[in-house]
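Q: Please take a close look at one helix in this model. Then set it beside the packing found elsewhere in the structure.

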Amino acid sequence: MTAIYILVGVAILGILWVIAKYNSLVTLRNQTINGWKQIDVQLKRRHDLIPNLVNTVKGMMEFEQDTLEKVIQARNAAISARGVADAAAKEDMLTSALTKLFALVENYPNLKSNENVKQLQEELTSTENKISFARQFYNDIATTFNTAQQVFPGNVIASLFGFQPVELFEITNEAERAVPTVNLSLKK
Amino acid sequence: MSLPYQTRNIYEQQAHNKRLTLVIMCVFVLFIALLGLGFDMYLQGGVLPGQFLPVGTAAALAVGFGSSFWSLQRGAKAVLASAGAVPVDETNPQHKQLLNIVDEMTIASGLPRPAVYVIPDPDPNAFATGKNPQESSIAVTQGLLDSLNREELQGVIAHEMSHIRNYDIRLMTVIAALVGAVLLLSDWARRMMMYGGGKKRDRNSKEAGQLGLILLIVWLVSIILAPIVSQLLAMAVSRKREYLADASAAELTRNPLGLASALRKIENAAAPTASIKRGAAHLCIADPLGKKVNTKEGFVAELFGTHPPIEKRIMALQAMAYQFQRQPEPTH
């Protein structure tokens, strides 16, 4: 009789443990999804700000049409990105296009002292920072989620219920890393 | 999250702070009860339970609990109002930048966004207050906005966000209220000792005997020591929180030198922050009273400052920066 009680007790504890583990994985997955949405919100904000910036500086930077064109192209490419790795790569191209644009703005004293341009620069700087902080937050929580799925015995529960590891938001293209950073008036 | 320096994980830190709040509250409740008990014994002449009505004890405890409760509910508003803090104005580019930086730190810390205030005072300083991360506020002086660059301001805001995230704001609010209650009660007790009371003492003095004498001495000592001990306790807690908030700020911005350089600027502008009253000193990033204590090192300064010496904080941050450099860059 006693042995049966012990077995039943152990079984109940086991089931409770599985439930707890499953729930903690679900919580982590939701936090990861939420973290990704945070990045998404900031990326969208950046995409919305760029046309404003380009329109404001266009008139005074007629000799730099090429750079402006590249920024717009990079923006459009970033909007149509699919998946974490693709988005990371395209957003990085956009960042370097913007960096070049801001470096050029330095050559136009009229632009530099223009209140509108200053405000747009501040908004874009802040958005860049928010993207990188959101990315930091996402990568931290995604790493925790992935680790929880890989360590024993969490991996048993993870494979049982079909949890998948998530991609980290990082630069995957080696060529992108090699882009030299131009002098920034902006903190990156 | 793997960080190059040793620090408690955030949930452990929060749990630790909640526990510490409880322990400190118990110590203060003991102090307050002792003050009230002595009052009863002195006035009514009883020593053992049953020989007197614990009116004073009950009143003292009521003052203690009442003031902590009031502080948690209304304290943040009172502190902000007494400092003359006004909500940020989104149309002002300087304030807009401050809001942007607060948003950045909100994202980095994963907390709800605090209310943001500006204090029209030329001396650079900042503080956070509130009872929990959901209902918190950050206030900075106009002088801080004027004298710091974006990176330094980000460091200061990260420091304040860390106070919110670590539940320091709640801890410090409760401690401030309890220190206030102890000061008030020991002041009353002293006045009462000087101006009368003790009329019924002789009647019970024979029964009371030695035990009564001992308790009376304990009470006298606690009247004298309670204010000092409670302040030292509050300061010790406050100083420890500052180091922790500096470390968490570096963790949020991944840029310890921004905060280090902000602290240097704040230190050099050593004028007292006139708008921030003594009662809110322990909430600030640097001592607003402009006491030289915070710039000196040594035992006395360590014991009596609400903040650790700025030089030591800067050194700790620089050490963190050095460790960051030796680590591979985070993927930004």
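The answer below starts with the helix and moves outward from there.

Q: Which residues of H2(A) are buried, and what do the buried residues of H2(A) pack against?

A: This is a predicted model. Helix H2 of chain A covers residues 65–79, 15 residues in total. From first C-alpha to last, H2(A) reaches 21 Å. That is close to the 21 Å expected at 1.5 Å a residue.

Four residues of H2(A) are buried: Val71(A), Ala74(A), Arg75(A) and Ala78(A). They lie on the same side of H2(A), because they cover an arc of only 100° around the axis. An α-helix has 3.6 residues a turn, so residues three or four places apart point the same way. The face turned away from the buried side is exposed, with Gln65(A), Asp66(A) and Glu69(A) on it.

The buried residues of H2(A) have two packing partners in chain A: helix H1 (2–58) and helix H3 (84–105). Ala78(A), buried in H2(A), also belongs to a nonpolar core of 12 residues. Ile50(A), Leu98(A) and Leu101(A) are among the other members of that core.

That core lies apart from the largest one. The largest nonpolar core has 94 residues. Those that touch the most other members are Leu35(B), Ala139(B), Val156(B), Ile157(B), Val182(B) and Leu259(B). Helix H6 of chain B (residues 168–195) gives this core its largest share, 13 residues. Take Leu35(B) as an example. Leaving aside residues up to four places away in sequence, Leu35(B) touches Ala60(B), Leu185(B), Ser186(B), Ala189(B), Ser222(B), Ile223(B) and Ala226(B).

Now chain B as a whole. Chain B has 332 residues, and 44% of them count as buried. Its elements are 10 helices and four strands. Their order from the N terminus is α-α-β-α-β-β-β-α-α-α-α-α-α-α. Among contacts in chain B with a separation of 6 or more, 73% link residues 24 or more positions apart.

One strand pair of chain B rounds off the picture. Strand E3(B), residues 126–132, is mostly covered, with five of its seven residues buried. E3(B) runs antiparallel to strand E4(B), residues 135–141, and six bridges join them. A hairpin of two residues leads from E3(B) to E4(B). Asn132(B) has Glu135(B) in E4(B) as its bridge partner.

How values were computed: Residues are numbered from 1 along each chain as its sequence is written. Chains are lettered from A and ligands numbered from 1 in the order in which they are written. This is a predicted model: local features need pLDDT of at least 70, side-chain atom pairs count only at pLDDT 80 or more; totals for chains, interfaces and linings use all residues. The expected span of a helix is 1.5 Å times one less than its number of residues. A residue is buried if 20 or more other C-beta atoms lie within 10 Å of its own, exposed if 12 or fewer, and partly exposed in between; C-beta atoms are placed from the backbone. The arc is that of the directions from the helix axis to the C-beta atoms. Two residues are in contact if their C-beta atoms, placed from the backbone, lie within 7 Å. A nonpolar core is a set of buried Ala, Val, Leu, Ile, Met, Phe, Trp, Tyr and Cys residues joined through C-beta atoms within 7 Å. Two strands pair if DSSP finds at least two bridges between them.
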